Every structure is written in structure tokens, then in C-alpha cells.
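Subject: Structure handover

Hello,

Please find the structure below. My notes on the metal site follow it.

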Amino acid sequence: MHYPIKVIIGLFAATLCLSGHVGGVQAEAPEKSKTTTTPPPGGVPGGTVARAATADVQHGKTLFKENCEACHQEEGRGKPGFAPSLTNPELLTAASDRFLTATIREGRAPTPMPPFGEILKASDIQDIIGYLRSYSQASVIGDQLDASPPGMGDPHLGKRLFAQICAGCHGPNGEGYESSGSGTAIGKPGFLSKASAGFIRYIILHGRSNTPMRGFSGPGGLANLTNEEVDGLVAYLRSLRN
Ligand code: HEC
Ligand code: HEC
């Protein structure tokens, strides 16, 4: 609990960012969130939005219904312990097109998330992503998060914290639903080969609205973790990659 102010500013900035205000407020938010997410300098949000805007959203919706809805539910709402929500603002803010495309193309062996690389064309996957992105007006900071440095966290500290506060939902080794928790398989290569340190850090801090994953920062969090603790968790998870 050494940096509550920073964490609160980060959360506040993210709230502003997610509320989709235009003008000065929105331009300011990613600047401030640097204190917690440390994206690289010079990044302007919006690049990913512009790419997704070229997608055929209606076509994406049809493809989503045909290929994804049985698991991810209507409007991509998800079902804890079965398939995650794909339309909550935190995922859509933090996930780069690269992360979403790779996840859809390759799936997440050994979880039930199947690979669609042989079934859907690249443009189909872009259309689905465009459809999912239509649920959030917030700026996408996924590219900045992916480019942010991994940090120098202590994996041993992270391992201890994981056992105490994450394993109950994500499984003792992050095996996900298989261990009958509500959380996804964040200790498995299917997730870790695609998720950047910046993405993982953002989700730990901000959580996922309308799912059991609440953020771990600020007074409203499941626990108010320090930067050192969050970096430790990121380092521990990344050590499980292979
Ligand atoms: C058979 C069920 C099933 C189907 C069909 C399915 N998914 Fe998934 N999907 C899952 C599960 C389960 C996970 C979480 C796996 C884990 O534990 O990491 C997941 C994870 C994801 C993620 C990562 C979300 C996150 O929180 O990081 C994305 C993106 C995704 N799926 C997109 C899709 C899309 C798009 C389609 C259709 C083209 C699709 N899925 C079809 C079961 C499914
Ligand atoms: C109360 C249960 C719960 C706890 C405790 C919990 N999580 Fe989660 N977490 C979830 C759920 C559920 C999701 C997926 C959200 C969804 O279903 O849409 C998730 C998603 C995530 C994701 C994104 C994974 C993906 O597939 O994209 C990360 C990273 C994560 N959690 C890290 C952690 C860490 C680290 C901790 C401990 C500090 C933790 N979680 C504690 C339930 C939990």
C-alpha cells in the first residue's frame, strides 16, 4: 500500500478514459495512466480504433452468432467459469488487435477456446473484432500496453500473492476453468504467449466490469496492491510461459 495516490489517479484516469469523454479529458487520461501502466511515450490512442473502423460490423455480428455465441453468449457477455466476456470495456481498452487476432486465430489450447485460423479468413476475424469493439467507445490502449516494458517484478513475491489471492478463481497454477474456478487459464501458454506484461498489469489493476474479476487497486478493489506487488504478479505469470 505504498502508492495509493498513484493507483487512485490511474483508476480515476481510466474511469475518465472509459467514460468516453471527448476533447481534453480523453487526451489527458492515457497520459495520467502512465503512472500505473507505464506505456511508452508518444503513444496516441486511436490507431487500433481506426483499423477496426474499417471492419464490416454487421458481417462480424453474423459471424459471431455463428461461431462464438454458443460459448461467449449473446452480445459476448460471457458466462463465468464457461467463457469470458468479450464486450466489457476493460478488455476492449487493453486488448490490441494483435492480441485478439492471435487469440481467435490460434485459440487457447488446452482450454475449450478453439483455433479459428483454418475456418475464418483474416478479414472475417477483423470483422468480428470490429463487431466486438462496437461495444466500447473508449480509446484502445492495447498497442501502448503491449509496447510497455515488462517491469522488474519479483516472481517469488508474485507466486506467494498468486497462491493467496488469485488461485481460488484461476486455479493453483493458473489452469483456469479446469480447476472449477471462474477465472480463465492465465497460467497457460495459450494466454501467456499472446498477453503482454502491460496487458496483464492493466487487467490486474482495473479488472473486468460485470465479471467476478474486480480490479486490485484503489479502495473499491478486491485488494489494494502496491506497484511492487502487481509487478511481482506479472513477473510470476510470465515465468509460467513455457
Ligand atoms: C467452445 C467454446 C468457445 C467458442 C466456440 C469460442 N470461444 Fe473464445 N473462449 C472460450 C474460452 C473457454 C475462453 C477462455 C479460455 C481460457 O481459460 O483462457 C475463450 C477466450 C476467448 C478470448 C480471450 C478473452 C480474454 O478475456 O482474454 C477471445 C478474444 C475469444 N475467446 C474470442 C472468440 C471468438 C471471436 C470466437 C468465435 C470466432 C470464440 N472465441 C469462440 C470458449 C470458446
Ligand atoms: C473472484 C474471482 C477472481 C479472483 C480472486 C481473481 N480473478 Fe482474475 N479473472 C477472473 C475472471 C472471472 C476473469 C475473466 C473475466 C470474464 O469471465 O470475462 C479473470 C480474468 C483475469 C485476467 C485476464 C485473463 C484473460 O483471459 O484475458 C487476468 C490477467 C487476471 N484475471 C489476473 C488475476 C490475478 C493476477 C489475480 C490475483 C491478484 C486475479 N486475477 C484474481 C476472476 C478472478
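In this predicted model, the iron atom of ligand 2 has two protein donors, NE2 of His-170 and SD of Met-213, at 2.0 to 2.2 Å. His-170 is in helix 10 (residues 155-170), while Met-213 sits in the loop between helix 12 (197-206) and helix 13 (227-239), so the pair ties together parts that are 43 residues apart in sequence.

The arrangement around the iron atom is octahedral because its 6 donor atoms subtend angles of 87 to 179°. For six octahedral donors the ideal angles are 90 or 180 degrees.

The two protein donors fall into separate accessibility classes. His-170 has a relative accessibility of 10% and therefore counts as buried. Met-213, with a relative accessible area of 21%, is partly exposed; the cut-off for buried is under 20%.

The shell around ligand 2 holds 21 residues, and the closest are Ser-85, Cys-166, Cys-169, His-170 and Met-213. By type, the shell divides into 13 nonpolar, 6 polar and 2 charged residues. Helix 10 gives the largest share, 4 residues, and helix 12 also supplies at least two. Because domain 1 (48-133) and domain 2 (155-239) both contribute to the shell, ligand 2 lies between them.

Oxygen atoms of ligand 2 also have polar partners in the protein:

- Ser-85: a backbone N or O atom, at 2.8 Å
- Thr-184: a polar side-chain atom, at 2.9 Å
- Arg-208: a polar side-chain atom, at 2.8 Å

Regards

How values were computed: Residues are numbered from 1 along each chain as its sequence is written. Chains are lettered from A and ligands numbered from 1 in the order in which they are written. This is a predicted model: local features need pLDDT of at least 70, side-chain atom pairs count only at pLDDT 80 or more; totals for chains, interfaces and linings use all residues. Side-chain values use heavy atoms; hydrogens and water are left out. Donors are N, O and S atoms within 2.8 Å of the metal (3.2 Å for Na, K and Ca); water is not among the atoms, so sites may look incomplete. Four donors count as tetrahedral if all angles lie between 85 and 135 degrees; four count as square planar and six as octahedral if opposite donors are over 155 degrees apart and all others between 65 and 115; anything else is irregular. Buried means under 20% relative accessible area, exposed over 50%, partly exposed in between (1.4 Å probe, protein chains only). A residue is near a molecule or strand if one of its heavy atoms lies within 4 Å of it. A polar contact is a pair of N or O atoms within 3.5 Å; within protein, one must be able to donate a hydrogen and the other to accept it, and residues adjacent in sequence count only if both atoms are side-chain atoms. Ala, Val, Leu, Ile, Met, Phe, Trp, Tyr, Cys and Pro count as nonpolar, Asp, Glu, Lys and Arg as charged, and the others, Gly among them, as polar. Domain bounds come from an automatic or database domain assignment.
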